[in-house]
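Visitor: I am new to this structure and would like a close look at a single part of it. Please take me through that part slowly, and then show me what lies around it.

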Amino acid sequence: MFVLPYFVRPVTRICLTSRLKIYEKQQCYSTEVKVTDDEFRVLELYPDIKAKKKGAEKKSFFRDAQVAPPREKRMKIDQDWPSVWPTPQTFRPSVVPLPVYQGYDQKRAPPGKYANAELMKIPNFLHLTPPAIKRHCAAIKQFCTEWPRGLETEENYHEHFPVEIITSDYCHSSPVIRDERSRIVTLKVKLRSLKLDYHGRDKLIRLIGNERYDKRTDTITIVADRCPLRKQNYDYLIYLLTAIHHESWITEPWEHEKTEADMEKFFFEGSRIQKHIVDTISQMKSESGSEELSGKKEIEDSEEVEQFGEAVSQLINEGENDFTILKYKESVLKALNIGNVS
C-alpha cells in the first residue's frame, strides 16, 4: 500500500473531496444535459471578425421605443402661454417655440437655442408677455383706488406735489443683487412753489449754487449719494431742503450792507440813474417855468419815469439788442419831452 507523506495529506484530501463533489454534480445532471457536439473547442487567438458579424445579424436586438418630439413641436397656435411659462425661470429650448439665436461664431451662423449656454446665463422675460401682464393687471385691479380728482393735468400735479424724488433700480446678471448706484437719490422742486419773496429767492439760489439751479425751467436739483442706504440719502435731502428754505427767510444784519455793485441784477428804484433822471426832469420843469410835476416825489411816480426805469432795467439785465435799445430810446424821448428824432 502506497502511503503519502504527512505534509501532503491535507492537500491531497482537499483535492479528492473537490473531485468527488464535481463527480456527484455530473452524476446528478447527467440525465438532464444532452451533449450534442463532442468536438473539442479550439482557442482562437485571432478571431474572425467577419464571421462574428454574420452571426450577429441573425441575433435579435432590443430596440428602444421612439423618442417623443419636443414640446415646441406639439404646441398649439392658440395655446395659453402664461400657463406654459408662468414664472421667471431658466431658458428651456424644448418649450420655447421660437427660433432663438444667441452667441457669435466667426465661421458659422450664431448658435441656435439647443445646447446654448449663453441663453441660460441671461435673464429672460418670457413670463412677462402682454397677455400675462394684462392678466396680472386684472388681478390687482381690485386692490387699486381711483385716480384722485384735481390731478388731471401736469400743472395740477406739480401744484399739489411740488417735490419730485427720483431713484433708480438696476437689474443685471450677477451673484449679488445689490448695486451701489441704487443708493443715489435726486430731488427736484420748482423754486416758485416755495412761495419766497425776492430776498429769499436770491438767498436760496446763492446757498445751493448756480450749478444746481436751472434758470430756464426754474427748477432746483439736489443729488445725495454720500450715505450707504437710499433711505438715508432721502432723509438727508429732505433735511437740506427744509434747512435752506428756513435759512432763506432769515435776514442777517450784514445783508443790509449790500451795495449796488453786489446786486445780482439792476434795480431802478433807489439807483443813481433814477436820481439823475428825476433831477434832470425837475431842473427842466423849473427852467421852463412849469408848475406841474414840480415835486420829486411826483416825478418819481409819473408814468414817464416808470417806463424809463423799466426800459433801463431791461437793457442792463437782458443785454443790448434791437428791441431793448429801441425801447430805451423811446422812453428817454418821452421822459425828457423831446420830439421823435429819426
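**Ile-220 and its surroundings**

Guide: In this predicted model, Ile-220 is in contact with Leu-187, Lys-188, Val-189, Leu-191, Leu-194, Leu-204, Ile-208, Arg-212 and Tyr-213, when residues up to four places away in sequence are not counted. Several of these names return when we turn to the largest nonpolar core, which has 16 residues and in which Leu-191, Leu-194, Leu-204 and Ile-220 touch the most other members. Strand β2, helix α7 (198-208), strand β4 and helix α8 each supply at least two residues of this core. As a general background, nonpolar side chains in soluble globular proteins tend to be buried together. Apart from this core there is a second, separate one of 12 residues, with Val-278, Ile-299, Val-312 and Leu-336 among them.

To place Ile-220 in the fold, it helps to follow the strand β4, which covers residues 219-224 and runs antiparallel to β2, residues 185-190, with 6 bridges joining the two. Along this pairing, Thr-186 stands opposite Val-223 of β4, while Val-185 has Ala-224 of β4 as its bridge partner. Strand β2 also pairs with β1, again in the antiparallel sense, over 4 bridges, and here Val-163 is found opposite Val-189 of β2. Taken together, the strands form an open sheet of 4 with antiparallel pairing, in the order β1-β2-β4-β3. Because β1 (163-166) and β3 (213-214) each have a single partner strand, they stand at the edges, and one side of each is left without a neighbour in the sheet. Helix α8, residues 230-249, packs on this sheet and touches β1, β2 and β4, its direction making about 30 degrees with that of β2.

Helix α7, one of the contributors to the core, deserves a look of its own, since Gly-200, Asp-202, Lys-203, Leu-204, Ile-205 and Ile-208 are buried in it. The cover over these buried residues of α7 includes β3, β4 and α8. After α7 comes Gly-209, which has a positive phi, near 95 degrees.

Elsewhere in the chain, a pair of helices offers another piece of the picture. Two packed helices are described by the angle between their axes and the distance between the axes. For α11 (residues 303-318) and α12 (residues 322-335), the axes come within 9 Å and cross at roughly 155 degrees, and α11 and α12 are therefore roughly antiparallel to each other. The crossing in which α11 passes α12 is left-handed. Residues that make this contact include Phe-308, Ala-311, Val-312 and Leu-315 of α11, and Phe-323, Ile-325, Tyr-328 and Val-332 of α12.

A further residue to find is Glu-72, in the loop between α2 (49-58) and α3 (81-84). Glu-72 counts as buried because its relative accessibility is 15%, where the cut-off is under 20%. Its neighbours within four places in sequence left aside, Glu-72 is in contact with Pro-93, Ser-94, Val-96, Pro-97, Leu-98, Lys-113 and Tyr-114.

Finally, stepping back to the chain as a whole, there are 12 helices and 4 strands, and 21% of the 342 residues count as buried. Among contacts in the chain with a separation of 6 or more, 52% are between residues 24 or more positions apart.

Terms used: Residues are numbered from 1 along each chain as its sequence is written. This is a predicted model: local features need pLDDT of at least 70, side-chain atom pairs count only at pLDDT 80 or more; totals for chains, interfaces and linings use all residues. Side-chain values use heavy atoms; hydrogens and water are left out. Two strands pair if DSSP finds at least two bridges between them. Contact means heavy atoms within 4.5 Å. Axes are lines fitted to C-alpha atoms, for helices over the stretch in contact, and angles run from 0 to 180 degrees between N-to-C directions. A nonpolar core is a set of buried Ala, Val, Leu, Ile, Met, Phe, Trp, Tyr and Cys residues joined through side-chain atoms within 4.5 Å. Buried means under 20% relative accessible area, exposed over 50%, partly exposed in between (1.4 Å probe, protein chains only). Angles under 35 degrees count as roughly parallel, over 145 as roughly antiparallel, 65 to 115 as roughly perpendicular and the rest as oblique. A crossing is left-handed if the near helix is turned anticlockwise from the far one by less than a right angle, and right-handed if clockwise.
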